[in-house]
Amino acid sequence: MALALDVGGTKLAAGLVDHTGAVLVRHQVSTDGSGAEGLWGTVAALVDGVLAGAPEGVTVDRCGVGCGGPMEGFGDRVSPVNIPQWRGFPLRDRLAGLLGVPVALDNDAKALALAEGWLGAAVGCPDFIAMVVSTGVGGGIVLNGRLLDGAEGNAGHIGHVIVEPDGHRCGCGAQGCLEAEASGTAIAAITGGVVRIEGVGRRSTQGDVRFADVLETMGARVTWGDDWVEVGGPPSGTSLRGVTVDLADLSDTAPTLAAVAVFADGPTRVRGVGFIRHKETDRIASVVTELRRLGIDADENEDGFVVHPGTPTPAAVRTYDDHRMAMAFTVIGLGSPGVTICDPGCVAKTFPGFFSMVESLRASTTADG
Ligand SMILES: [Zn+2]
């Protein structure tokens, strides 16, 4: 029996897999943990949980790992672009030490290619390329029935081929990589996913539904029905625009707009909401403080705030016992890895199932983490 581990920028998955490829036990958690050792602790706990769930009499005699790239020395050390905590991390050796069994580690998309050739879409096909569009974009190439490795094990890493020379900044430092233009999170959370909200529509009287109009002004695609509204990202090739907006009548949505504004192409100015300083928390100061904690340039003023778009850096966001703060910053977490929400239980006040709802949305828009 093999322990299989998938290390992605959004989630960590582990399972027990038998020689036919059947998965007997499966667990997954978010890619959370501060620093290299904090994240390693999350991995070790996940592995322990899977081993604890093993059926009677089953022994694990090997371990296989697919990990986001790039790596050095054919997996001696890993530096996943979407996992900033790990740079040159000796994941294979650490797992071997923990488990006491041989560990094979490879790039996750190369592992995907092997799996598709073994049991999936490429069975019987000697030459193919497998591609994954997830938190990142990766690929694996099989030629004459053999997986292509390259000099350090990174062959087929097509996510970092530059497709838009003036495009978005990529996590690898380059500009306009395929991954920066077309990753699952970029597509689903920021640019392309479509969410239909039932129960509110053009006939609704609740003011917050007008938030969809604000998103439309920013370039999102919005479609109204009598009792539903559909919101999708901007058409491909365009991005969300920064806006200047008076949210006096929609003030509860100000933190959410601040979160969306992070992913726009210019600054967003929110006015008319000075009174939200007296909500569950001072929502102007809290929003600005927590955006800055994520490395986002933001400023407060008397009756609102300004958010300058940027690439969030991983951090743990305080929520000030305010459900709107937790929900708004979760939106940033959908679009960028490494956002930890402190005290997530504060959402229980209005929506205890919030995080499972988000998880189900994410599961339906991206195949993998
Ligand atoms: Zn790149």
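**Figure 1. Asp321 in the loop ahead of helix H9.** In this predicted model, Asp321 is partly exposed, because 13 other C-beta atoms lie within 10 Å, and a residue counts as buried from 20 such neighbours and as exposed at 12 or fewer. Asp321 sits in the loop that runs between strand S18 (315–317) and helix H9 (323–335). Have a look at the backbone here too: the phi of Asp321 is positive, about 55°, although Asp321 is not a glycine. For context, most residues other than glycine have a negative phi.

**Figure 2. Helix H7 packed with helix H9.** The loop of Asp321 leads up to H9, so here is that helix in its packing with H7. What numbers describe such a pair? Two packed helices are described by the angle between their axes and the distance between the axes. For H7 and H9 the angle is about 15° and the axes are 8 Å apart. The two helices are therefore roughly parallel to each other, since angles under 35 degrees count that way. Their crossing is right-handed. On the H7 side, Pro255, Thr256, Ala258, Ala259 and Val260 take part; they meet Arg324, Met325, Met327, Ala328, Phe329, Val331 and Ile332 in H9. Sorted by type, the residues of this contact come to ten nonpolar, one polar and one charged.

**Figure 3. Helix H7 packed with helix H8.** H7 (residues 254–261) also packs with H8, at an angle of about 25° and with the axes 10 Å apart. H7 and H8 are therefore roughly parallel to each other. H7 passes H8 in a right-handed crossing. Which residues meet in this view? Ala254, Pro255 and Ala258 come from H7, and Arg283, Val287 and Leu291 come from H8. The contact divides into five nonpolar residues, no polar ones and one charged. Pro255 and Ala258 are worth picking out, as they are listed in the contact with H8 and also in the contact with H9.

**Figure 4. Gly272 in the loop before helix H8.** Gly272 is found between strand S15 (268–271) and helix H8 (283–293). Is Gly272 buried or partly exposed? Gly272 counts as partly exposed, because there are 16 C-beta neighbours inside 10 Å. Leaving aside residues up to four places away in sequence, Gly272 touches Asp246, Leu247, Ala248, Asp303 and Gly304. Gly304 is 32 residues away along the chain, and the C-alpha atoms of Gly272 and Gly304 are separated by 6.3 Å.

**Figure 5. The cis peptide bond at Pro70, with Phe74 and Asn154.** Gly69 and Pro70 are joined by a cis peptide bond, with omega about 5°. For comparison, most peptide bonds are trans. Pro70 lies in the loop between strand S4 (62–67) and strand S5 (71–72). Phe74 belongs to the loop between S5 and strand S6 (77–78). Phe74 has a phi near 55°, a positive value in a residue other than glycine. With 16 other C-beta atoms within 10 Å, Phe74 is partly exposed. Asn154 joins the view from the loop between strand S10 (146–147) and helix H4 (178–182). Asn154 touches Gly69, Pro70, Met71 and Asn107, not counting residues up to four places away in sequence. Although Asn154 and Phe74 are 80 residues apart in sequence, they are 7.8 Å apart in space, C-alpha to C-alpha. Asn154 counts as partly exposed, with 17 C-beta neighbours inside 10 Å.

**Figure 6. The buried residues of helix H2.** Within H2 (residues 91–99), Leu91, Arg92 and Leu95 are buried. Seen down the axis of H2, these buried residues fall within an arc of 95°, so they line one face of the helix. What covers them? The cover includes S4, S6 and strand S7 (103–107). Just after H2 comes Gly100, with a positive phi of about 70°.

**Figure 7. The protein as a whole, to place the close-ups.** The protein has ten helices and 19 strands. Of its 369 residues, 41% count as buried. Among contacts between residues at least 6 apart in sequence, 57% join residues at least 24 apart.

Technical notes: Residues numbered from 1 in each chain as written. Predicted model: local features only at pLDDT ≥ 70, side-chain atom pairs only at ≥ 80, totals over all residues. Helix = DSSP H or I, 4+ residues; strand = E, 2+ residues; numbered from the N terminus. Contact = placed C-beta atoms within 7 Å. Arc of directions from axis to C-beta. Axes fitted to C-alpha atoms, helices over the stretch in contact; angles between N-to-C directions. Parallel < 35°, antiparallel > 145°, perpendicular 65-115°, else oblique. Left-handed = near helix turned anticlockwise from the far one by under 90°. Nonpolar A, V, L, I, M, F, W, Y, C, P; charged D, E, K, R; others polar.
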